[in-house]
Amino acid sequence: MSIRIVLADDQAMIRAGLRMVVESEPGMEVVGEAGDGVEAVALARRVRPDIVLMDISMPRLDGLSAARQLLDSPHPPKIIMLTTFDTDENLYAALRAGTSGFLLKVSPPEQLVEAIRVVAGGDGLLDPAVTTRVIASFAGRHDPVRPPQLAELTPRELEVLRMLARGLTNAEIAGELFVGEATVKTHVARVLMKLSLRDRAQAVVFAYESGVVTPGAALG
């Protein structure tokens with residue numbers, strides 16, 4: 001089955017470029033375009049895509065607010081934020097809200113394609129080095145609060161959470177723990193379930209905000 005994608009950007013030229021890249025790939029299709037956040041929310045709710053490529057800066061309703069509305073609805077799509085800057089505080093807010101990650105608009109086409117496949121498959125974070133740096137930068141401004149649900153994690157699940165915070169993929173975690181990828185997927189699923197998190201991006205934010213990892217520690 002094809003990965004169904006909605007493009008949301010207020011610049012028609014950007015949308016045209018994104019469409020060209022997406023539709024050149026087998027197994028991907030663009031099912032709609034939106035020029036602002038209001039249109040993006042309405043369109044996504046109507047066509048139910050797998051992924052929304054969402055510009056963070058749009059008129060009427062910005063991409064972050066649009067993402068929050070979609071992520072709060074039943075059966076939300078995965079959302080990849082598109083931005084010009086990789087240090088915008090809004091990116092941290094977007095990851096905290098549950099978006100699957102973000103890409104710079106200057107990223108090469110092959111990186112966009114890979115990001116779509118990664119998010120559709122539910123494995124890994126987009127550009128882990130940038131993602132963890134942004135999260136560490138903003139999460140580190142506040143004293144960590146250790147939530148009670150952390151106590152529900154087994155020692156192995158806590159170890160997996162720390163590895164998620166480093167941006168490791170399932171395959172990389174499996175290599176470090178000397179277990180199969182299927183076992184890692186089970187651990188990740190249980191971590192997300194026990195902590196009531198939507199995906200790996202939220203797990204990274206949670207790890208920093210709860211003090212499971214500290215800024216700088218997970219980047220090496």
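**Figure 1. Close-up of the end of helix H10 and Gly211 in the predicted model.** Gly211 comes just after H10 and takes a positive phi of about 85°. Helix H10 is mostly covered, with nine of its ten residues buried. The buried set consists of Arg200, Ala201, Gln202, Ala203, Val204, Val205, Phe206, Ala207 and Tyr208.

**Figure 2. Close-up of the start of helix H10, with Asp199 and Arg200.** A side-chain oxygen of Asp199 reaches to within 3.2 Å of the backbone nitrogen of Ala201 at the start of H10. Arg200 is found in this helix. Its relative accessible area is 6%, and Arg200 is therefore classed as buried, the cut-off being under 20%. The side chain of Arg200 is joined to that of Asn170 by a polar contact of 2.7 Å.

**Figure 3. Close-up of helix H7 and the surroundings of Leu161.** Helix H7 spans residues 155-165, and its buried residues are Glu157, Leu158, Val160, Leu161, Met163, Leu164 and Ala165. With residues up to four places away in sequence not counted, Leu161 touches Leu150, Leu153, Val191, Leu195, Ala203, Phe206, Ala207 and Val212. Of these partners, Ala203, Phe206 and Ala207 are buried residues of H10. H7 is followed by Gly167, which has a positive phi near 80°.

**Figure 4. Close-up of the largest nonpolar core, which comprises 57 residues.** Within this core, the residues touching the most other members are Val52, Met54, Ile79, Met81 and Leu161. Helix H10 (residues 200-209) gives the most to the core, contributing seven residues. Another core, of 18 residues, lies apart from it and includes Ile5, Leu18, Val21 and Leu112. In soluble globular proteins, nonpolar side chains tend to be buried together.

**Figure 5. Close-up of the open five-stranded sheet.** The strands are arranged in the order S2-S1-S3-S4-S5, and their pairing is parallel. Strand S2 (28-34) and strand S5 (101-104) stand at the edges; each has a single partner strand, so one side of each is left without a neighbour in the sheet. On average, neighbouring strands are turned by 25° against each other, direction ignored.

**Figure 6. Close-up of strand S3 and its pairing with S1 and S4.** Strand S1 (residues 3-8) and strand S3 (residues 51-55) pair in the parallel sense over four bridges. In this region Val6 stands opposite Val52 of S3. S3 also pairs with S4 in the parallel sense, here over five bridges, and Lys78 in S4 is the bridge partner of Ile51. The chain passes from S3 to S4 through helix H3 (residues 63-71), forming a right-handed β-α-β crossover. Five of the five residues of S3 are buried. Both faces of the strand are covered, with Ile51, Leu53 and Asp55 on one side and Val52 and Met54 on the other.

**Figure 7. Close-up of helices H1 and H5 with the sheet.** Helix H1 (residues 12-23) lies across S1, S2, S3 and strand S4 (78-83), and runs at about 165° to S2. Helix H5 (residues 109-121) packs on the sheet and touches S1, S2, S3, S4 and S5. The direction of H5 makes about 130° with that of S3.

Technical notes: Residues numbered from 1 in each chain as written. Predicted model: local features only at pLDDT ≥ 70, side-chain atom pairs only at ≥ 80, totals over all residues. Heavy atoms only, no water. Core = buried A, V, L, I, M, F, W, Y, C linked by side-chain atoms within 4.5 Å. Buried < 20%, exposed > 50% of the residue type's maximum accessible area, 1.4 Å probe, protein only. Helix = DSSP H or I, 4+ residues; strand = E, 2+ residues; numbered from the N terminus. Contact = heavy atoms within 4.5 Å. Polar contact = N/O pair within 3.5 Å; in protein donor to acceptor, adjacent residues only side chain to side chain. Pairing = 2+ DSSP bridges. Axes fitted to C-alpha atoms, helices over the stretch in contact; angles between N-to-C directions. Right-handed = clockwise from strand over helix to strand, strands pointing away.
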